[in-house]
Structure formats: C-alpha cells, structure tokens
Amino acid sequence: MEQSMLAQFAPLVLIMVVFYFLIMRPQQKKFKAHQQMLSELKVGDKVVLAAGFKGRVTKVGEQFYGVEIGRGVEVEVDRNAIASKTE
C-alpha cells in the first residue's frame, strides 16, 4: 500500500522539482541582478526605462530617480521603471 502511494506522488514531486529549477530559480537570479543594478546606479548613467525611453540619470533617490529623456526634459520615475543600464 505504501509503495503504491509513493509511486503515485513521485511524478508530482518530480514536476515540482523541474518547475523550481526551470522557472522559479532563474527568475530569482534575474530579480537579484536587477536589484543590484538599481542599487549601483549613479548620476550620469544611461538607462532604458520600462516604457522604452532612453535617458540619463540626473538624480538618485531611495525610491525615485530623475531621468533626462530629452534636451531639457527631465522626468521623475519610480526605481522599478528602470529596465536596464546601457553603455
């Protein structure tokens, strides 16, 4: 009886392990890398916003950043609106 119950749950456990290594773990690594990138941003860095705009960081705050997206056009964006840093 215990053998058959164990055999029934083995595929479920295997699916959960595969799910963790293929989906959850890479997402956690990506999130940590993005958080590290945000913490290392400084004035003058070029960034791409989640909306697709490119700009240059003009102010660094704890929750909001000032980003110049055009000559004389500065917007204040939430830190999560910064998608990536460019060179």
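Two exercises on salt bridges follow, each with a worked solution.

This is a predicted model, in which local features need pLDDT of at least 70 and side-chain atom pairs count only at pLDDT 80 or more, while totals for chains, interfaces and linings use all residues. Residues are numbered from 1 along each chain as its sequence is written, and side-chain values use heavy atoms, with hydrogens and water left out.

**Exercise 1.** Determine which residues are linked with Asp45 in a network of salt bridges.

*Solution.* Begin with the criterion, a side-chain nitrogen of Lys or Arg within 4 Å of a carboxyl oxygen of Asp or Glu; a search of the whole structure finds four such salt bridges. Next, take the pair of aspartate 45 and lysine 42, whose N to O distance is 3.4 Å. Then add lysine 85, for which the closest N and O atoms of its salt bridge with aspartate 45 are 3.6 Å apart. Aspartate 45 lies in the loop between α1 (2-39) and β1 (46-49) and lysine 85 in strand β5 (residues 82-86), so this pair ties together parts that are 40 residues apart in sequence; helices (H or I, at least four residues) and strands (E, at least two) are DSSP runs, numbered from the N terminus. Lys42, Asp45 and Lys85 are therefore linked in a network.

**Exercise 2.** Classify aspartate 45 as buried or exposed from its relative accessibility, and do likewise for lysine 42 and lysine 85.

*Solution.* First set the classes: buried means under 20% relative accessible area, exposed over 50%, and partly exposed in between (1.4 Å probe, protein chains only). Aspartate 45, at 8%, is buried, whereas lysine 42, at 48%, is partly exposed, and lysine 85, at 37%, is also partly exposed.
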